[in-house]
Amino acid sequence: MQSAITISLVEEARGGPFVYWDGLADGCRRAAAAGFDAVELFVPGPDAVDRAELRSLLGQHGLKLAAVGTGAGWVKHKLSLTDADADQRTKAIAFIKRIIDFAAEFNAPAIIGSMQGRYGDGLSKDGALGLLRDALNELGPCAAGKGQRLIYEPLNRYETNLFNTIGAGTELLKSLDTDAVTLLADLFHMHIEETDLPAAIRDNAASIGHVHFVDSNRRAAGFGHMDHAAIIAALKDIGYAGYLCAEALPLPDSDAAATKTIETIRRLTA
Ligand code: LER
Ligand code: MN
């Protein structure tokens with residue numbers, strides 16, 4: 001397992017669960033100093049990051065790019081894959097395709113979280129689920145064409161009413177025509193929705209492609225009451241070799257959140 005930490009470049013998301021907020025250079029420097037293997041970026045859009053600058057910063061600090069989040073499509077532009085309006089859905093798909101391409105230039109996958117949307121507002125549950133499947137069936141092959149998977153993130157009930165558990169996410173993957181989509185197990189969402197986190201990991205072993213490694217209160221792993229030892233034991237059991245990425249609130253500050261995360265990862269993966 002490898003470690004990663006989030007950098008948000010989206011001003012509108014301030015207050016959200018990302019560790020670094022002060023730009024790419026600052027985030028990369030601090031991530032490397034704290035000992036992380038990689039960074040995960042939350043970008044305002046596909047052209048917001050200067051490719052040459054990112055390549056240079058990753059090289060200079062010996063970091064990899066773990067993944068790129070697409071959530072700004074929702075936060076900034078209110079784009080969703082399950083919008084009742086077809087033009088809005090077309091724009092949402094185009095936005096994600098361009099982030100898939102950007103991330104793939106750095107050998108990283110894109111993540112679909114809040115851009116999945118929700119049903120209601122003119123759409124039935126079945127209608128929304130059908131639209132989400134159609135979108136993933138279109139976007140999965142785009143990612144595969146670039147040598148990547150596409151990461152789909154089940155969210156807790158307060159953020160979506162589509163898929164809330166890893167088991168439901170696995171059923172979604174099975175219903176797709178593409179095998180390029182994999183699941184993001186975000187421990188905070190799982191803490192709200194799952195009956196038993198280690199069991200959910202073991203039961204859905206083949207579906208899990210990325211982990212948001214965080215605590216029960218969305219603070220860094222070690223600052224809440226989650227049993228990370230049992231979770232890491234389950235991830236070891238399934239042979240998980242992907243990232244443990246800190247998508248956590250910068251509390252009491254970014255550096256303390258980073259240090260607590262890396263201590264927890266090292267203690268439990270040693
Ligand atoms: C995105 O990764 C996520 O988990 C959201 O709940 C954060 O806004
Ligand atoms: Mn997450």
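# A tour from ligand 1 outwards

Select Arg218 and ligand 1 to begin: a side-chain N or O atom of Arg218 lies 2.9 Å from an oxygen atom of the ligand. This is a polar contact (a pair of N or O atoms within 3.5 Å; within protein, one must be able to donate a hydrogen and the other to accept it, and residues adjacent in sequence count only if both atoms are side-chain atoms). Of the 260 Å² that ligand 1 exposes when taken alone, the protein buries 78% (Shrake-Rupley areas, 1.4 Å probe).

The model is predicted, so local features need pLDDT of at least 70 and side-chain atom pairs count only at pLDDT 80 or more, while totals for chains, interfaces and linings use all residues. Residues are numbered from 1 along each chain as written, chains are lettered from A and ligands numbered from 1 in the order written, and side-chain values use heavy atoms, without hydrogens or water.

## Around ligand 1

Next, display the residues surrounding ligand 1: Pro17, Glu153, Glu159, Asp186, His189, His212, Arg218 and Glu247 (a heavy atom within 4 Å). Two further polar pairs merit a distance label. A side-chain N or O atom of Glu153 is 2.6 Å from an oxygen atom of the ligand, and a polar side-chain atom of His189 is 2.8 Å from an oxygen atom of ligand 1.

## The manganese ion

Now select ligand 2, a manganese ion. Its protein donors are Glu153 (OE), Asp186 (OD), His212 (ND1) and Glu247 (OE), at 2.1 to 2.3 Å (N, O and S atoms within 2.8 Å of the metal, or 3.2 Å for Na, K and Ca; water is not among the atoms, so sites may look incomplete). Glu153, Asp186, His212 and Glu247 also appear in the list of residues surrounding ligand 1. The site has six donor atoms, with angles of 70 to 172 degrees, and is octahedral (opposite donors over 155 degrees apart, all others between 65 and 115). Along the chain, the donors follow the spacing E-x32-D-x25-H-x34-E.

Colour strand 6 (residues 181-186) and strand 7 (residues 208-212): the former holds Asp186 and the latter His212, so this pair ties together parts that are 26 residues apart in sequence. Strands (E, at least two residues) and helices (H or I, at least four) are DSSP runs numbered from the N terminus. Asp186 and His212 are both buried (under 20% relative accessible area; exposed is over 50%, partly exposed in between; 1.4 Å probe, protein chains only).

## Side chains that reach the backbone

From Glu153, move to Gln116, in the loop between strand 4 and helix 5. Gln116 is buried, with a relative accessible area of 0%. A polar atom of its side chain lies 2.8 Å from the backbone oxygen of Glu153, the residue whose side chain supplies a donor to the manganese ion. The side chain of Gln116 also makes a polar contact of 2.5 Å with that of Tyr152.

Glu193 is the next selection, in helix 7 (residues 187-193). At 14% relative accessibility, Glu193 is buried, and its side chain reaches the backbone nitrogen of Arg157 at 2.7 Å.

Proceed to Asp50, in the loop between strand 2 (38-42) and helix 2. Asp50 is partly exposed, at 43% relative accessible area. Its side chain reaches the backbone nitrogen of Glu53 at 3.1 Å. Select Leu24 as well: 26 residues separate it from Asp50 along the chain, and the two C-alpha atoms are 9.8 Å apart.

## The two sides of helix 2

Which residues of helix 2 are buried? In this helix (residues 51-61), they are Leu54, Leu57 and Leu58. These residues lie on the same side of helix 2 because they cover an arc of only 95 degrees around the axis (taken from the directions from the axis to the C-beta atoms). Turn the helix to its other side to find Ala52, Gly59 and Gln60, which are exposed.

## Backbone features in loops

Three loop residues complete the tour. Lys78, between helix 3 (72-75) and helix 4 (86-104), is not a glycine, yet its phi is positive, near 55 degrees. Lys78 is partly exposed, with a relative accessible area of 44%.

Asn107, between helix 4 and strand 4 (110-112), likewise has a positive phi, about 55 degrees, without being a glycine. At 60% relative accessibility, Asn107 is exposed.

Finally, centre on Pro252, in the loop between strand 8 (243-246) and helix 10 (254-269). The peptide bond joining Leu251 and Pro252 is cis, with omega about -5 degrees.

Technical notes:
Tetrahedral: all angles 85-135°; square planar, octahedral: opposite > 155°, others 65-115°.
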